[in-house]
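Thank you for making time this morning. I would like to walk you through one structure, going from the overall layout to a few single residues, and I will try to go slowly for those who have not met it before.

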Amino acid sequence: AALVAPSIRQHRRLELRMSSEVEFDSAAVVASARDRMKKSVEALRTNLATLRAGRASPDIVSGVVVEYYGAETPLNQLASITVNSGTQLVISPYDKSCLKDVDAALIEANLGMMPSNDGEIIRLNVPPLTEERRKEIVKKAKGMAEDAKVAVRNIRRSANDEVKKLKKDIGEDLSRETADNIQKATDSIVKEIDETVAAKEKDIMTV
């Protein structure tokens, strides 16, 4: 009997089945999702660091960007930033010609502190926080944490969607196992977010 060549559609089904069997790696899918979730936690920590807790810290100006020779440049690349007596930041530009630009960037950043420029360095005096202001900052911190959780849940949904698309090819058991592990990773990261913001809240409310 003559051999009948498989149709293109049959070929594609076979390729998909073989591809799924060979290439689907449950642990890798979970690890990839967890890594992306971790980045949300790192971003949260970076954002929380910009919230001052009544003490001087270089983190207060970590988000300040200076217009330097036509390029937006992070302040910490243009100047040394040190703490003086716990309530004052001293900013010393490596290139003194950009002192005015740094001064302008600090004002524009709306940090709640007016820079003092003596022609050589810039000082930022960190005022003490009232209890009301501390509570406002805590509320902002919790908002940042909620944004991080939303990002994590979006990553979970994306990973689960990836698994669902291959459910017929990888089987019910592997699909459920992968989804369960994605959820465990999500729960772990959400717990880390809660612990991170709780520590920041304690720091903010400590006088």
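Before I place any residue in a helix, let me say that helices here are DSSP runs of H or I with at least four residues, that strands are runs of E with at least two, and that both are numbered from the N terminus. Please also keep in mind throughout that what you are looking at is a predicted model.

With that settled, the overall layout is as follows. The protein chain holds seven helices and six strands, and if you read along the sequence they come in the pattern α-α-β-β-α-β-β-α-β-β-α-α-α. Of the 207 residues in the protein chain, 35% are buried. If we take the contacts with a separation of 6 or more, residues 24 or more positions apart account for 65% of them.

Let me begin with helix α2, which covers residues 26–49. At 1.5 Å a residue, its 24 residues should span 34 Å, and the C-alpha atoms at its ends are 35 Å apart, which agrees. Its N-terminal end is capped by D25, where a side-chain oxygen lies 3.1 Å from the backbone nitrogen of A27. The buried residues of α2 are S26, V29, V30, A33, M37, S40, V41, L44 and L48, and these pack against α5 and against α7, the helix of residues 172–205.

We can look at that packing from the other side by way of T196, which has its place in helix α7. T196 is buried, since its relative accessible area is 13% and the cut-off for buried is under 20%. Leaving aside its neighbours within four places in sequence, T196 is in contact with L44, R45 and L48, and both L44 and L48 are among the buried residues of α2.

Also in α2 we find N47, which is partly exposed, with a relative accessible area of 36%. N47 and D59 are 12 residues apart in sequence, and their C-alpha atoms are 9.5 Å apart in space.

Another asparagine, N160, sits in helix α5, which runs over residues 131–165. Is N160 buried or exposed? With a relative accessibility of 19%, N160 counts as buried, because the limit is set at under 20%. Once its neighbours within four places in sequence are left aside, N160 is in contact with A179 and I182.

Now I would like to turn to the strands. Four of them form an open sheet in the order β3-β4-β6-β5, with antiparallel pairing. The edges are taken by β3, residues 79–84, and β5, residues 116–117, and as each has a single partner strand, one side of each is left without a neighbour in the sheet.

At one of those edges, β3 and β4 pair in the antiparallel sense over six bridges, and the bridge partner of A79 in β4 is P93. The hairpin of β3 and β4 has three residues between the strands, and within this hairpin S85 takes a positive phi near 60°. At the other edge, β5 is joined by two bridges to β6, residues 122–125, and these two strands run antiparallel; here S116 stands opposite R123 in β6.

The sheet also has a helix lying on it. Helix α4, residues 99–108, lies across β4, β5 and β6, and runs at about 20° to β6. In the loop between α4 and β5 we come to N110, whose phi is near 55°, a positive value in a residue other than glycine. N110 is exposed, with a relative accessible area of 66%.

Last, I come to Y69, which has its place in the loop between β1, residues 65–68, and β2, residues 71–74. Y69 has a positive phi of about 50° although it is not a glycine, and it is exposed, with a relative accessible area of 70%.

How many aromatic pairs does a search of the whole structure find? The search finds one, and it is formed by Y68 and Y69. A pair of aromatic rings is described by the distance of the centres and the angle of the planes. For Y68 and Y69 these are 4.7 Å centre to centre and 80° between the planes, which makes the pair edge-to-face.

Definitions and conventions: Residues numbered from 1 in each chain as written. Heavy atoms only, no water. Pairing = 2+ DSSP bridges. Contact = heavy atoms within 4.5 Å. Axes fitted to C-alpha atoms, helices over the stretch in contact; angles between N-to-C directions. Phe/Tyr/Trp six-rings, centres within 6.5 Å; stacked < 30°, edge-to-face > 60°. Buried < 20%, exposed > 50% of the residue type's maximum accessible area, 1.4 Å probe, protein only. Expected span 1.5 Å × (residues − 1). Polar contact = N/O pair within 3.5 Å; in protein donor to acceptor, adjacent residues only side chain to side chain.
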